[in-house]
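Student: Take me through one part of this model in detail, please, starting with a pair of facing residues and working outward. Keep it informal, but keep the residue names coming.

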Amino acid sequence: MGDHVLGVVMNGVTGRMGYRQHLVRSVLAINEQGGVTLPDGGRVRLRPVLVGRNAAKLAELADRHGIAEHTTDLDAALADPANTIYFDAQVTQARVAATLRAIEAGKHVYTEKPTAESVPEALRLAQAAEDAGLKNGVVQDKLFLPGLLKLKRLIDGGFFGQILSVRGEFGYWVFEGDWQAAQRPSWNYRAEDGGGIVLDMFPHWAYVLENLFGRVVSVYAQVATHIPERWDESGRPYKATADDAAYGVFELAGGVVAQINSSWAVRVNRDELVEFQVDGTHGSAVAGLRGCRVQHRSATPKPVWNPDVPATARFRDGWQEMPDNGEFDNGFKVQWEQFVRHVVAGTPFPYTLRSGARGVQIAELGLRSHAEGRRLPVSEL
């Protein structure tokens, strides 16, 4: 196919995730390495076109990184036939309308998650792209974390025997914003602006569980707003109307049970901000963002419960750290490269908008489960 340049309309790059992970660490990093390598040995460089609402911010970003094109006119960017891909990293509320416009303009679409605020909207996006015959995808970056890649290696190698359960812990303390500035945007804590940890994190857990352990078949969740008042970027107090913690139990196809706690109101007492413990008949593992520790059944100690004497065993010492056994690139960048190959060379890309809709479905069921106080089945989409 040779070497060529692909125009990419990037909407929402003035936000933290859109700027750091997608523009700087993915698209620009791909160009710095000489482009995306295709199966035939050709290369594709990406020509970003920055789109957003704030012209001054866009101009500053473009100048900082030597990017030639930026505009507040999305339709003009979509009208350019040289622009092949549309990428959306806006706030969730703005995603559906903009992505539909891109599909109508005949662009292949790649979006951040969640793809929408509701299942009907998410399915509408997926169906529109499929009907138009366009390549489509959703960011599922956690699958490419070194810790989870090591976990996948263990699964594929049969290390666990029969997998029984998964326990996940995610979160950290997000400052309220009164005496110390919050490290997340204030809209995250307003339901009316599309905020909430369930909508933000349950789509992540849906694709992690689906790709590693099995499709989610039922959801039970308890949701909370632990911090009722926060302070915004201007130092003004506001009522937190969105959930900041969620405690979920997910039954998976095949019988595995997953329990995942997500919270922005928890202080970290673990090695990494997210950790998953997987227990099986032949062994167990604890995987984080980068590390993964294992304990085989042949090396499992025999604890004896006796509260009358101090514990003599240091249980963490009985676990073995898995080696890297390879180079791990930035997960966002790796998935960008996969999507570009999918668009240009037709290579497989399973992380479609329809899989994104399944993530929105799990979030929607989590909120409904909490409201109704019961476990809910997951239907096929």
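Tutor: Let's start with Ala224, which stands opposite Ala245 in strand 12. This is a predicted model, so everything here is read from a prediction. Ala224 closes strand 9, which spans residues 216-224, and Ala245 opens strand 12, residues 245-252. Eight bridges join strand 9 to strand 12, and the pair runs antiparallel.

Now step back to the sheet they sit in. The sheet is open and has nine strands, in the order 17-16-15-14-8-13-12-9-18, with mixed pairing. Strand 17 (320-321) and strand 18 (376-377) stand at the edges with a single partner strand each, so one side of each has no neighbour in the sheet. As a general reminder, strands in a sheet pair through backbone hydrogen bonds, in either a parallel or an antiparallel sense.

Follow that order to strand 14 (residues 274-280), where six of the seven residues are buried. What flanks strand 14? In the sheet order, strand 15 and strand 8 do. With strand 8 (residues 163-171), strand 14 pairs in the antiparallel sense over seven bridges, and one register point is Ser165, which faces Asp279 of strand 14. Towards strand 15 (residues 283-287), four bridges hold another antiparallel pairing, with Val278 facing Ala285. Strand 14 and strand 15 form a hairpin that has two residues between its strands.

That hairpin also meets a helix. Helix 6 (residues 146-156) has Pro146, Gly147, Leu148, Lys150, Leu151 and Leu154 as its buried residues. Strand 14 and strand 15 are among the elements that cover these residues, along with helix 7 (197-212) and strand 16 (292-296). Just past the end of helix 6, Gly158 has a positive phi of about 75°.

Next, look at the loop leading into strand 14 from strand 13 (257-263), because Arg270 lies there and is buried, at 16% relative accessible area. The side chain of Arg270 reaches the backbone oxygen of Leu273 at 2.7 Å. Arg270 also touches Glu169, Phe170, Gly171 and Glu275, leaving aside residues up to four places away in sequence. Phe170 is 100 residues from Arg270 along the chain, yet their C-alpha atoms are separated by 9.7 Å.

Back to the edge of the sheet. Past strand 17, in the loop that runs on to helix 8 (331-345), you'll find Asn325. Asn325 has a positive phi of about 55° even though it is not a glycine, and it is exposed, with a relative accessible area of 61%. In general, most residues other than glycine have a negative phi, and most peptide bonds are trans. The peptide bond from Lys113 to Pro114 is cis, with omega near -10°. Pro114 lies in the loop between strand 6 (108-111) and helix 5.

That brings us to the helices. Helix 5 (residues 119-131) and helix 9 have axes that come within 9 Å and cross at roughly 175°, which is over 145 degrees, so the two helices are roughly antiparallel. From helix 5, the residues in this contact include Val119, Ala122 and Leu123; from helix 9, they include Leu353, Ala357 and Gln361. By class, the contact between helix 5 and helix 9 has nine nonpolar, two polar and three charged residues.

Gln361, in helix 9 (residues 353-372), is worth a closer look. Gln361 is buried, at 7% relative accessible area, and a polar atom of its side chain lies 3.0 Å from the backbone oxygen of Ser379. Gln361 touches Val119, Val378, Ser379 and Leu381, again leaving aside residues up to four places away in sequence.

Helix 5 has another partner, helix 4 (residues 92-104). Their axes are 10 Å apart and pack at an angle of about 10°, which makes helix 4 roughly parallel to helix 5. Here Val96, Thr99, Leu100 and Ile103 of helix 4 meet Glu121, Arg124, Leu125, Ala128 and Ala129 of helix 5. Split by class, that contact has six nonpolar, one polar and two charged residues. Leu125 and Ala129 are also among the helix 5 residues that meet helix 9.

Conventions:
Residues are numbered from 1 along each chain as its sequence is written. This is a predicted model: local features need pLDDT of at least 70, side-chain atom pairs count only at pLDDT 80 or more; totals for chains, interfaces and linings use all residues. Side-chain values use heavy atoms; hydrogens and water are left out. Buried means under 20% relative accessible area, exposed over 50%, partly exposed in between (1.4 Å probe, protein chains only). A polar contact is a pair of N or O atoms within 3.5 Å; within protein, one must be able to donate a hydrogen and the other to accept it, and residues adjacent in sequence count only if both atoms are side-chain atoms. Contact means heavy atoms within 4.5 Å. Axes are lines fitted to C-alpha atoms, for helices over the stretch in contact, and angles run from 0 to 180 degrees between N-to-C directions. Angles under 35 degrees count as roughly parallel, over 145 as roughly antiparallel, 65 to 115 as roughly perpendicular and the rest as oblique. Ala, Val, Leu, Ile, Met, Phe, Trp, Tyr, Cys and Pro count as nonpolar, Asp, Glu, Lys and Arg as charged, and the others, Gly among them, as polar. Two strands pair if DSSP finds at least two bridges between them.
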